[in-house]
Each structure stands twice: as structure tokens, then as C-alpha cells.
Amino acid sequence: LWYHPPREPVRFIALPRRQAVSKLYYTENGHLIPSLGEEITRFRRARKVLTLPNTGKPATAYLDARAYPGSAIPLRMAVNGREVEPIRPSPRDHYRWYETAVDPSLLVAGDNTLDFWCETTAMNAWSLSLEAGHGDPESYVSDDGGTTWRNHHMGYLNIVRCEYLLRLPLA
């Protein structure tokens, strides 16, 4: 028999009336594969599609990515076709959460596309983390600079269907 200690009573906390609560939008569970990322170049681009409600508040996108050691090449990002401030590399050489501001005028109610690329022809600047095992992912990869997109044969080995780790909280 297992002993279960008595539970403490549930306490409810009243929030002030004007305090906004944010909702987190994402399509994965955060189970990244550190040895299998999506290499990003000028030609090999990544796209994430998030379905969002209407919002008028500024947002921050959180992307789990890795900049290669010694790389000074920024990761470029476009929201619904409009480029935002590039993400600067960190001196750390492991996956970490990068954050970038997203102007609310760039977001629409419904499907929103977030595209990622960098200005290098070799796979030597950025890698996005991915979570494998999704049957019909809302993440896509392009090998021709964004002309065509697919959500299969992803990752630098072209062997998985996956979701890129990107989070977008909205108030």
C-alpha cells in the first residue's frame, strides 16, 4: 500500500480587475533533439505557422535556437512577410531561447507565418531546435529560398516530420 499524505486545501487568488493574463501559443511540447536541428542558410529557410486571435498588444516571440561558435551572422525573421529586427547570436554554443519583439500590427487573426533565414550559403551560422514525431506539423522547411515549402523530410538529415520550438504569448 502507498501512503498518500493529505492534500492542502486549494486556495483561489483574486486577480486585480485590469491585470491582463497572457495565453501562450505553440504547437509542440518542448522535447527537442539537440543532435538534430534545422540548419538555416540563405537557401534553407524555416517557417512556423501559428493560429492566433486578434490582438492589439505588443508580443514577444521566443525561439529555441543555436548560433554557431564565433558566428556574427544574425538570424533574420519575417512575420507575415514583413521583416522584423534580426536576432543577434549569443556567444554560447548551445540551444537557448532567443526573444524578439513583434509589433501587433504584423499579426492577424488566423494563420500567421514566421519565416527564418540568414545570409550565408553554408550551414555554419544558425540551427533551430526541433521536436520530432508530429504527423502533420505546422512547421515547414524550404531548400530554394522560400519559393516552395514542405512539412516532411525536415532536420539537417531530412529524416523527420517535426515542429520548431517557437512560443508566442499574447495578452
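**A friendly note on the salt bridges, sheet and rings**

1. Arg-44 and Asp-143 join through their side chains in a salt bridge, with 2.5 Å from N to O. This contact ties distant parts of the chain together: Arg-44 belongs to the loop between E2 and E3, Asp-143 to the loop between E11 and E12, and the two are 99 residues apart. Please keep in mind that this is a predicted model.

2. How exposed are these two partners? Arg-44 has a relative accessible area of 5%, so it is buried, while Asp-143, at 41%, is partly exposed.

3. Asp-143 also meets the side chain of Arg-150 in a salt bridge of 2.7 Å, N to O. Arg-150 counts as buried because its relative accessibility is 19%, and the cut-off for buried is under 20%. Together with Glu-38, the residues Arg-44, Asp-143 and Arg-150 are linked in a network of salt bridges.

4. The structure has nine salt bridges. One of them pairs the side chains of Arg-42 and Glu-119 at 2.8 Å, N to O. Here too distant parts of the chain are linked, 77 residues apart: Arg-42 is in the loop between strand E2 (38-40) and E3, and Glu-119 is in the loop between strand E8 (110-117) and E9. Arg-42 is partly exposed at 32%, and Glu-119 is partly exposed at 35%.

5. Now to the sheet. Five strands make up an open, antiparallel sheet, ordered E6-E5-E8-E3-E11. Strand E6 (82-83) and E11 are at the edges with a single partner strand each, so each has one side without a neighbour in the sheet. Strand E3 (residues 45-52) runs antiparallel to E11 and is joined to it by four bridges; Arg-45 stands opposite Ser-142 of E11.

6. Which residues form the aromatic pair? Tyr-98 and Trp-126 do, edge-to-face, with 5.1 Å centre to centre and 70° between the planes. Tyr-98 lies in strand E7 (residues 96-102) and Trp-126 in strand E9 (residues 126-128), 28 residues apart. Tyr-98 is buried at 4% relative accessibility, and Trp-126 is buried at 0%.

7. Tyr-98 has a charged companion as well: Arg-96 lies over its face, 4.2 Å from the ring centre. In another contact of this kind, the charged end of Arg-66 sits over the ring of Tyr-68, 4.5 Å from its centre.

8. Finally, the surface. Met-123, Tyr-156, Leu-157 and Ile-159 form a nonpolar patch there, with about 390 Å² of accessible area together. Ile-159, in the loop between strand E11 (139-142) and strand E12 (162-164), is exposed, with a relative accessible area of 56%.

Conventions. Residues numbered from 1 in each chain as written. Predicted model: local features only at pLDDT ≥ 70, side-chain atom pairs only at ≥ 80, totals over all residues. Heavy atoms only, no water. Patch = residues over 30% accessible without salt bridge, like charges linked within 9 Å, V, L, I, M, F, W, Y side chains within 5 Å. Areas by Shrake-Rupley, 256 points an atom, 1.4 Å probe, with all protein chains shown as cover. Salt bridge = Lys/Arg side-chain N within 4 Å of Asp/Glu carboxyl O. Buried < 20%, exposed > 50% of the residue type's maximum accessible area, 1.4 Å probe, protein only. Phe/Tyr/Trp six-rings, centres within 6.5 Å; stacked < 30°, edge-to-face > 60°. Lys NZ or Arg CZ within 6 Å of the ring centre and 35° of its normal. Pairing = 2+ DSSP bridges.
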